[in-house]
Amino acid sequence: MFNRVDGRALDEIRPIDISIGFQDYSIGSALITMGHTKVLCSVTFEENVPHFLRGSGQSWLTAEYSMLPGSTHTRTSRERGTKSVRGRTHEIQRLIGRSLRSVLDLTLIGEVSFTIDCDVLQADGGTRTAAITCAYVALYQAIKNLIKEGKLTKNPIKSALAGISIGVLDGYVLTDLCYQEDSQADVDFNIIMTDRMEFVEIQGTAEKKSFNYNDLESILSNGKKSLKQIFDIQKNVLHNL
């Protein structure tokens, strides 16, 4: 039997805590702690859109992602300006943005924009999926606050959104990998879904060994099972808004 580094069962997610309204001056914010991974998400709202959407009547959402200098064992240098942003950062920012746009009706609220900043305070695996899970909570709070303030008249959110990492190590399918597991994994997946249990994105890579169809079925099944738990956590956090 495979023994995980933190003693969890193969299909067990790490303890999750989401603190909503973490920043007093943000229209929507949340801090997620997922094991030792910690990500802060903050929402900015503007009553305009990028030039390519002007006159369309459509809203927009984009995201930025950053690993803060003290988030890892060795200092992570700050990324300043578009020329210094790493390829991995671009990839994750685009993943967060398009995942959140997939659960919004962008035609419902006119020409307004949301920017979601996702800052990794501490990294121990699964930062991109934790960021997506947290960003949805921060966005939900922001929209509720904007409706209360009269800046929006409708809620454009169509469904909840969350993500989880699943991997294969030594032939075992593991849910919610910490960094030590992730760095050694033979196969690495990130699964993003809605609370309707519909897939938004599946990122899967054979890092060291190829995988078969049975592995894929187990990966997707474990992903759906764990995401149902995460949706319940999100719902409990948001139920009083």
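This section describes the two sheets of the predicted model, the helices that lie across them, and the two largest pockets.

The sheet of 5 strands is open and follows the order β1-β2-β3-β5-β4, with mixed pairing. Its edges are taken by β1 (16–20) and β4, each of which has a single partner strand, so one side of each has no neighbour in the sheet. From one strand to the next, the twist averages 15°. At one end of the order, β1 pairs with strand β2 (residues 28–34) in the antiparallel sense over 5 bridges; Asp-17 has Thr-33 of β2 as its bridge partner. Strand β3 (residues 37–46) runs antiparallel to β5 and is joined to β5 by 9 bridges, and the partner of Val-39 in β5 is Val-120. The pairing of β4 with β5 is parallel and comprises 8 bridges. Here Glu-64 is bridged to Asp-117 of β5.

Two helices are placed against this sheet. Helix α2 lies across β4 and β5 and runs at about 145° to β4. Helix α5 lies across β1 and β2, at about 30° to β1.

The sheet of 4 strands is also open, with the order β7-β6-β8-β9 and antiparallel pairing. Strands β7 (172–175) and β9 form its edges; each has a single partner strand, and therefore one side of each is left without a neighbour in the sheet. The strand-to-strand twist averages 15°. Strand β6 (residues 161–169) pairs with β8 in the antiparallel sense over 8 bridges, and within β8 the bridge partner of Gly-167 is Asp-188. Helix α3 lies across β6, β8 and β9 and runs at about 165° to β6. Helix α5 (residues 213–238) lies across β6, β7, β8 and β9, at about 145° to β6. Helix α5 thus lies across strands of the 4-stranded sheet as well as across β1 and β2.

The largest pocket has a volume of about 600 Å³. Its lining consists of 24 residues, and those nearest the pocket centre are Arg-88, Gly-125, Gly-126, Tyr-179 and Asp-182. At least two lining residues come from each of α2 (87–101), α3 (127–148), α4 (179–184), β8 (187–194) and β9 (199–206). Among these elements, β8 and β9 are strands of the 4-stranded sheet, and α3 is a helix lying across both of them. Helix α2, by contrast, lies across β4 and β5. By class, the lining of the largest pocket has 12 polar, 7 charged and 5 nonpolar residues.

For the second largest pocket, the volume is about 210 Å³. The lining of this pocket is made up of 12 residues, of which Glu-64, Tyr-65, Val-85, Thr-89 and Gln-93 lie nearest its centre. Strands β4 (60–67) and β5 (113–122) and helix α2 each contribute at least two lining residues. These three elements are in contact through the arrangement in which α2 lies across β4 and β5, while β4 and β5 are themselves paired in parallel. Glu-64, one of the residues nearest the centre of the second largest pocket, is also the bridge partner of Asp-117 in β5. The lining divides into 5 polar, 4 charged and 3 nonpolar residues. Helix α2 supplies at least two residues to the lining of the largest pocket and at least two to that of the second largest.

Definitions and conventions. Residues are numbered from 1 along each chain as its sequence is written. This is a predicted model: local features need pLDDT of at least 70, side-chain atom pairs count only at pLDDT 80 or more; totals for chains, interfaces and linings use all residues. Side-chain values use heavy atoms; hydrogens and water are left out. On a 1 Å grid over the protein atoms alone, a cavity is a set of points where a 1.4 Å probe fits but cannot get out, and a pocket is an open set with protein on both sides within 12 Å along at least five of seven lines; lining residues have an atom within 4 Å of a point. Grid points are joined across faces, edges and corners, and a volume is the space filled by probe spheres set on the points. Ala, Val, Leu, Ile, Met, Phe, Trp, Tyr, Cys and Pro count as nonpolar, Asp, Glu, Lys and Arg as charged, and the others, Gly among them, as polar. Two strands pair if DSSP finds at least two bridges between them. Axes are lines fitted to C-alpha atoms, for helices over the stretch in contact, and angles run from 0 to 180 degrees between N-to-C directions. Contact means heavy atoms within 4.5 Å.
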